[in-house]
Amino acid sequence: MATIMDGKALAAEIDKTTTVRIQRLADQGIVPGLVVILVGDDPASKIYVRNKERRAKKMKINSIVRNLPDTISEADLIKIIQTYNENPTIHAILVQLPLPAHINEFNVTNAIAPEKDADGFHPTNIGKLVINHTEKTPIACTPQGIMSIFNAYHIDLDGKKAVVVGRSTIVGKPMAALLVNANATVTVAHSHTHNLSQLTREADILVVAVGIAKYIKEADVKSDAVVIDVGMDRDVNGKLVGDVDFAEVERKASYITPVPKGVGPMTITTLISQTVALAEWSSEKNG
Ligand SMILES: NC(=O)C1=CN([C@@H]2O[C@H](COP(=O)(O)OP(=O)(O)OC[C@H]3O[C@@H](n4cnc5c(N)ncnc54)[C@H](OP(=O)(O)O)[C@@H]3O)[C@@H](O)[C@H]2O)C=CC1
Ligand SMILES: Nc1nc(=O)c2c([nH]1)NC[C@@H]1CN(c3ccc(C(=O)N[C@@H](CCC(=O)O)C(=O)O)cc3)C=[N+]21
């Protein structure tokens with residue numbers, strides 16, 4: 001049976017360190033400010049917003065949620081982002097994805113000041129990640145949180161075969177870049193991939209972010225693989241489950257993340273620690 005990697009416990013550990021950093025900023029009169037912009041009502045975004053509000057309050061971050069109707073125009077959304085770019089009490093801006101179809105995601109992420117980019121989705125920050133020049137650079141929170149899981153459980157990535165299923169800007173692509181930077185040999189699969197199962201069965205490290213409940217089965221996984229489940233899906237009974245069939249795959253993997261209490265809490269911890277980092281970098285720059 002696989003070791004279950006406890007994202008919730010690890011998140012609580014990291015939050016302790018972040019709390020010390022928040023106190024240090026408070027001593028200088030700085031409260032890290034995060035604004036979360038939610039357009040419409042995507043269900044996975046709602047879970048995320050609810051949980052991060054709870055954690056931000058507990059950790060004494062100034063967190064603001066801006067709910068906007070899904071009829072808002074791209075130009076108006078960008079104007080709102082610009083007001084936060086100019087607001088010195090806000091250190092981090094996050095626009096929940098996906099956005100309604102009439103709004104172009106690139107134009108929106110491009111409008112966020114790179115030094116206030118909570119998610120690390122601005123093209124400048126993604127470019128730095130790909131170039132592996134990541135000092136003082138925000139990085140996508142979910143993949144970065146997964147790297148913290150690998151680190152905490154001493155998972156060796158060097159020279160390992162990693163397969164990332166999914167190529168989104170928020171998970172798959174930055175995950176692949178981080179794994180390449182960590183010297184893994186990386187394959188990225190998506191909906192056009194042929195013989196997916198054959199590919200995933202070769203993976204020492206398997207990261208799944210497709211958004212289909214229990215999509216990856218025991219037969220799709222190599223014995224003793226390390227399996228990371230990013231999915232936030234609902235099963236037929238409406239229960240929160242991942243993209244991996246946990247009950248099956250747990251029997252074959254060496255390590256596995258559960259859903260809930262795996263990757264999800266680590267995304268939030270990473271967001272909060274990155275918000276604090278953005279506030280720290282800004283205070284260093286402003287002396
Ligand atoms: N735990 C957390 O912190 C987070 C969880 N999530 C969850 O993770 C999941 C994925 O999210 P996200 O990356 O945003 O999703 P997207 O819908 O943006 O991307 C899904 C990816 O999966 C690929 N895909 C779809 N069907 C298949 C298939 N049958 N075989 C292989 N690949 C397939 C798509 O391919 P193509 O590109 O060809 O369309 C796409 O690249 C969701 O459940 C989401 O809620 C997301 C972010 C954070
Ligand atoms: N710009 C942007 N950045 C994101 O990072 C982003 C996004 N948009 N849009 C939506 C997805 C989804 N996402 C989640 C993060 C944590 C949980 C989470 O806290 N999960 C708990 C759920 C616990 C529960 O409440 O049941 C867990 O897995 O234990 C869920 C979902 C981030 N996303």
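The C-alpha centres of domain 1 and domain 2 lie 27 Å apart, and the domain assignment of the chain places domain 1 at residues 29–113 and domain 2 at residues 141–264. The model is a predicted one, and this briefing follows the surroundings of ligand 1, the loop that holds R167 and S168, two helices, and finally K252.

**The annotated region**
- An unreviewed UniProt entry carries the annotation "domain: Tetrahydrofolate dehydrogenase/cyclohydrolase NAD(P)-binding", which covers residues 140–280.
- Over residues 140–280 the chain is 35% helix and 17% strand, and the C-alpha atoms at the two ends of this stretch are 18 Å apart.

**The surroundings of ligand 1**
- Ligand 1 is surrounded by 26 residues, of which the closest are G166, S168, S191, G211 and T267.
- By residue type, the shell around ligand 1 divides into 12 nonpolar residues, 12 polar residues and two charged residues.
- Helix 10, which runs over residues 263–285, gives the largest share of this shell, namely three residues.

**The loop with R167 and S168**
- The unreviewed UniProt entry also has a "binding site" annotation, and this covers G166, R167 and S168.
- R167 lies in the loop that joins strand 5 (161–165) to helix 7 (172–181), and S168 is found in the loop between strand 5 and helix 7 as well.
- R167 counts as partly exposed because it has 18 C-beta neighbours inside 10 Å, a number that falls short of the 20 or more needed for a buried residue but is above the limit of 12 or fewer for an exposed one.
- S168 has 18 other C-beta atoms within 10 Å, and therefore S168 is partly exposed.
- When residues up to four places away in sequence are not counted, R167 touches G172, K173, V188 and H190.
- With neighbours within four places in sequence left aside in the same way, S168 is in contact with K173 and A209.

**Helix 7**
- Helix 7 is mostly covered, since seven of its 10 residues are buried, and these buried residues are G172, P174, M175, A176, A177, L178 and L179.
- The buried residues of helix 7 pack against two helices, helix 5 (123–131) and helix 6 (141–152), and they also pack against strand 5, strand 6 (185–189) and strand 7 (205–208).
- Just after helix 7 comes N183, which takes a positive phi of about 70 degrees.

**Helix 10**
- In helix 10, 17 of the 23 residues are buried, so this helix is largely enclosed by the rest of the structure.
- At 1.5 Å a residue, the 23 residues of helix 10 should span 33 Å, and the end C-alpha atoms are 32 Å apart, which agrees with that expectation.
- G287, just after helix 10, takes a positive phi of about 70 degrees.

**K252**
- K252 is found in the loop between helix 9 (246–249) and strand 11 (255–256).
- Because 19 other C-beta atoms lie within 10 Å, K252 is partly exposed, whereas a buried residue needs 20 or more.
- Leaving aside neighbours within four places in sequence, K252 is in contact with E218, V221 and S223.
- The C-alpha atoms of K252 and N110 are separated by 42 Å, and these two residues are 142 residues apart along the chain.

Key: Residues are numbered from 1 along each chain as its sequence is written. Chains are lettered from A and ligands numbered from 1 in the order in which they are written. This is a predicted model: local features need pLDDT of at least 70, side-chain atom pairs count only at pLDDT 80 or more; totals for chains, interfaces and linings use all residues. A residue is near a molecule or strand if its C-beta atom, placed from the backbone, lies within 6 Å of it. Helices (H or I, at least four residues) and strands (E, at least two) are DSSP runs, numbered from the N terminus. Ala, Val, Leu, Ile, Met, Phe, Trp, Tyr, Cys and Pro count as nonpolar, Asp, Glu, Lys and Arg as charged, and the others, Gly among them, as polar. UniProt positions are given in the numbering used here, feature names are shortened, and annotations may be inferred rather than shown by experiment. Two residues are in contact if their C-beta atoms, placed from the backbone, lie within 7 Å. The expected span of a helix is 1.5 Å times one less than its number of residues. Domain bounds come from an automatic or database domain assignment.
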